[in-house]
Amino acid sequence: SRSGETLLETRGLVKEFGGLVATDDVSIDVKRGERVSIIGPNGAGKSTLINLITRRLEPTRGDILFKGESIVQMEPHQVVQRGISKSFQTASIFPDLTVMENAQIAALAAEHGEFGFNFLTHRDKLTDVHELAEDTLEAVGLLDRAHNDAEDLPYGDKRRLEIGIALAAEPDLLLMDEPTAGMSPEETQATVDLIEEVKEEMGLTFVLVEHDMEIVFSISDRIVVLNRGGVIAEGTPEEIRGDPAVQEAYLGG
Ligand code: ADP
Ligand code: MG
């Protein structure tokens, strides 16, 4: 629905850490339904850009629009409430709770727009979101583990639960920063398959930071290349593959 609509837009975004320009006048846009990857060498500013979008970091200058509305003055939880969710933060899992409770809390927390949402005071409401939580767990292949404690899940399933937690918030835009970091080749493949499935089934819009070029080229509609904080190239996987500026940046030029 409303595909082609600009979902996210950064305008002249700058982030300085002391004298270091981590984000250098970045203007990008992401349309609804689009899958955009952000690549670039270590220290290029990829995570900084993601953290500016989630409002975990304060920009030095510039604006961020989401669905046409500036979010640059908002609190992180307000950004979540408006439909931006970041996945693959291990800290988002409550280890002592079951897989199902984790998904239910994620759904409720997004509804209430609170990140540090206190589920103990809302425990009776968990059943309200049971169906959504169940659908989410099914989508990430964890329904048969719904009643396991989250801490007992193997590593790969924990990462699945993290994406489940992000999806339970029913985001319009999912941000992922190096989702396959620290994974075995098998877990990496399973995660890529999962992202592909979610992309097909839910038509999800996402921005992915990923260093594995094979994954990037197979999963993206468009690629943004950062170097030293600035955008040096932008285009389809085919365009980026042959771009000399990209090759130079990756060769340490
Ligand atoms: P990437 O994710 O592309 O590897 P980052 O966005 O993490 O790059 O970092 C970009 C630059 O900003 C790097 O030079 C990094 O050292 C610096 N940087 C990141 N976060 C901070 C911070 N909190 N304080 C100071 N410098 C930072
Ligand atoms: Mg990073």
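**Arg32 sits buried, at a relative accessible area of 13%.** Buried here means under 20% relative accessible area, exposed means over 50%, and partly exposed covers what falls in between, using a 1.4 Å probe and the protein chains only. This is a predicted model, so local features need pLDDT of at least 70 and side-chain atom pairs count only at pLDDT 80 or more, while totals for chains, interfaces and linings use all residues. Residues are numbered from 1 along each chain as its sequence is written, chains are lettered from A and ligands numbered from 1 in the order in which they are written, and side-chain values use heavy atoms, with hydrogens and water left out. What does Arg32 pair with? Its partner is Asp172, in a salt bridge whose closest N and O atoms are 3.4 Å apart. The two come from distant parts of the chain, 140 residues apart: Asp172 is in the loop between α5 (155–168) and β8 (173–177), and Arg32 is in the loop between β3 and β4 (35–39). For the labels, helices (H or I, at least four residues) and strands (E, at least two) are DSSP runs, numbered from the N terminus.

**Arg222 and Asp29 meet through their side chains in a salt bridge, 3.9 Å from N to O.** This pair also links distant parts of the chain, with Arg222 in strand β10 and Asp29 in strand β3 (residues 29–31), 193 residues apart. To count as a salt bridge, a side-chain nitrogen of Lys or Arg must be within 4 Å of a carboxyl oxygen of Asp or Glu. In general, side chains of opposite charge can pair when their charged atoms come close. Is each partner buried or exposed? Arg222 is buried, with a relative accessible area of 14%, while Asp29 is partly exposed at 29%.

**Glu16 and Arg61 make another salt bridge, with N and O 3.7 Å apart.** Glu16 belongs to strand β1 (residues 6–17) and Arg61 to strand β5, so this pair ties together parts that are 45 residues apart in sequence. Both ends get some exposure: Glu16 is partly exposed at a relative accessible area of 31%, and Arg61 is partly exposed at 47%. How many salt bridges does the structure hold? The count is 13.

**Val21, in strand β2 (residues 20–26), has a partner from far along the chain.** The C-alpha atoms of Val21 and Gly229 are separated by 6.5 Å, although their positions lie 208 residues apart along the chain. Which residues does Val21 touch, once you skip those up to four places away in sequence? They are Lys15, Glu16, Arg228 and Gly229, where contact means heavy atoms within 4.5 Å. Val21 itself is partly exposed, with a relative accessible area of 32%.

**Lys67 and Arg228 are two loop residues with a positive phi.** Most residues other than glycine have a negative phi. Lys67 has a phi of about 50° without being a glycine, and the phi of Arg228 is near 50°. You'll find Lys67 in the loop between β5 (61–66) and β6 (69–70), where it is partly exposed at 37% relative accessible area. Arg228 sits in the loop between β10 (222–227) and β11 (230–235), and it is exposed, at 63% relative accessibility.

**Leu49, in helix α1 (residues 46–53), is tucked away as a buried residue.** Its relative accessible area is just 1%. Setting aside neighbours within four places in sequence, Leu49 is in contact with Leu13, Thr23, Val26, Ile28, Ile38 and Leu226. Asp135 is another story: it is 86 residues from Leu49 in sequence, and their C-alpha atoms are 31 Å apart.

**A negative surface patch includes Asp128, Glu131 and Asp135.** Other members are Glu111, Asp124, Glu134, Glu138, Glu170, Asp193, Glu197, Glu200 and Glu201. A patch is made of residues with over 30% relative accessible area and no salt bridge, with like charges joined within 9 Å and nonpolar side chains (Val, Leu, Ile, Met, Phe, Trp, Tyr) within 5 Å. Asp and Glu count as negative, Lys and Arg as positive. Helices α4 (130–139) and α6 (185–202) each supply at least two residues of the patch. Asp128 is in the loop between α3 (99–112) and α4, and it is exposed at a relative accessible area of 60%.

**Glu101 lies in helix α3.** Is it buried or exposed? Glu101 is buried, with a relative accessible area of 17%. Beyond residues up to four places away in sequence, it touches Arg123 and Leu126.

Key
Areas by Shrake-Rupley, 256 points an atom, 1.4 Å probe, with all protein chains shown as cover. Charge placed at Lys NZ, Arg CZ, Asp CG, Glu CD.
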